[in-house]
Amino acid sequence: MKLVRRGELFAEYSLGDAIVIALSDGYAMMRFNCLIGVDFSNPDFAPKVNEEFALPVQAFLVKTSGQSILIDTGSSSAWRDTTGRLYDAMAEAGIARDAVTTVAITHTHVDHINGLVMPNDEIAFPNASQIFVSSNEHALFKAESRLSPVFAALRPVQDGDTIIDGITAMAAHGHEIGHTAYWVTSKNEQLLIWGDIVHKPDLQFEHPEIVWEFDTDRDAARQTRKRFFERVAREQVPVAGAHLDFPGIGSLQVKGTGYSFKSLI
Ligand SMILES: [Zn+2]
């Protein structure tokens, strides 16, 4: 996988015959004490207990097999003033919204699904005839009434399903009940687009046991994170993460009892 070009809000990579473009949706300030398992009696962390940090938000566009698949969509106008920049990122990268042919969602939280509908209630990706969401989360998706214009395009996805040739869904449950990662293969190259496996890279690679207040099933989230870390480090498969530091793509190495992450920029 190689960086081809980048701008302020996007970074484009080659992956075999495919193109992968990281798109920034902006960032959200989050409370440090959303992280559970951090020892706030430790002098390194004690001062941070009441601090906030910037959580970056990315979506990823994959061009492969003649299609353009958007994995996650940012938050449009549904979350913060500092998020909802996906459309600007696409414009900067030269990608028309109507070029997106398929959408696949990692999970139904605010910062992943709301970009499907623009702030003016228009459908953001009018030619995306299929929106893949884990069957476990269709009810959660349909609870988001501002997304009603796209309800008819909703399609179920389960572990092992092929979205299109070269992209396979992998169950990654824990952060949410249907949290799903997408394994991309082109020629002899691979990439794991893993959604919300990590929220605080500077802590969770070294300490995978640290969880996030918004993990629906914290034990499962922890186990899934450890399983994914172990596999991608062993197989040296690069990863793309929604909340890794922009552009959110890189690789893992074993370091002591945890891992380290090297961004591909
Ligand atoms: Zn998220």
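**Exercise 1. Determine what share of the protein chain counts as buried, and characterise its overall dimensions.**

*Solution.* Of the 265 residues in the protein chain, 54% count as buried. The model is a predicted one. Its secondary structure comprises 5 helices and 17 strands. The radius of gyration of the protein chain is 17 Å, and the globule rule gives 18 Å for 265 residues; the two values are close, so the chain is as compact as a globular protein of that length. Taken along the principal axes, the box filled by the C-alpha atoms is roughly 50 × 40 × 35 Å. As to the range of the contacts, those between residues at least 6 apart in sequence are considered, and 64% of them join residues at least 24 apart.

**Exercise 2. Establish the strand order of the open sheet of 8 strands, and identify a helix that lies across E1.**

*Solution.* The order is E1-E2-E3-E5-E6-E7-E8-E9, and the pairing is mixed. Strand E1 (2–6) and strand E9 (154–157) form the edges, each pairing on one side only. From one strand to the next, the twist averages 25 degrees.

One pairing may be examined in detail. Strand E6 (residues 67–71) joins strand E7 (residues 102–104) in the parallel sense, over 3 bridges. Within this pairing, Leu70 has Val103 of E7 as its bridge partner.

The helix sought is H1 (residues 86–93), which lies across E1, strand E2 (10–15), strand E3 (18–31), strand E5 (52–64) and E6. Relative to E3, helix H1 runs at about 150 degrees.

**Exercise 3. Name the residues that coordinate the zinc ion, and classify the geometry of the site.**

*Solution.* The ligands are Asp111 (OD), His112 (NE2), Asp196 (OD) and His243 (NE2), at 2.1 to 2.4 Å. Along the chain, these donors follow the spacing D-H-x83-D-x46-H.

Next, the angles among the 4 donor atoms are considered: they span 86 to 169 degrees. A tetrahedral site would require all angles to lie between 85 and 135 degrees. The site of the zinc ion is classed as irregular.

**Exercise 4. Explain why the pair Asp196 and His243 ties together parts that are apart in sequence, and state whether each residue is buried or exposed.**

*Solution.* Asp196 is located in the loop between strand E13 (189–193) and helix H4 (201–204), while His243 is located in the loop between strand E15 (239–240) and strand E16 (249–255); the pair therefore ties together parts that are 47 residues apart in sequence.

For accessibility, the cut-off for buried is under 20% relative accessible area. Asp196, at 4%, counts as buried. His243, at 1%, is also buried.

Key:
Residues are numbered from 1 along each chain as its sequence is written. This is a predicted model: local features need pLDDT of at least 70, side-chain atom pairs count only at pLDDT 80 or more; totals for chains, interfaces and linings use all residues. Side-chain values use heavy atoms; hydrogens and water are left out. Two strands pair if DSSP finds at least two bridges between them. Helices (H or I, at least four residues) and strands (E, at least two) are DSSP runs, numbered from the N terminus. Axes are lines fitted to C-alpha atoms, for helices over the stretch in contact, and angles run from 0 to 180 degrees between N-to-C directions. Contact means heavy atoms within 4.5 Å. Donors are N, O and S atoms within 2.8 Å of the metal (3.2 Å for Na, K and Ca); water is not among the atoms, so sites may look incomplete. Four donors count as tetrahedral if all angles lie between 85 and 135 degrees; four count as square planar and six as octahedral if opposite donors are over 155 degrees apart and all others between 65 and 115; anything else is irregular. Buried means under 20% relative accessible area, exposed over 50%, partly exposed in between (1.4 Å probe, protein chains only). The radius of gyration is taken over C-alpha atoms; the globule rule is 2.2 Å times the number of residues to the power 0.38.
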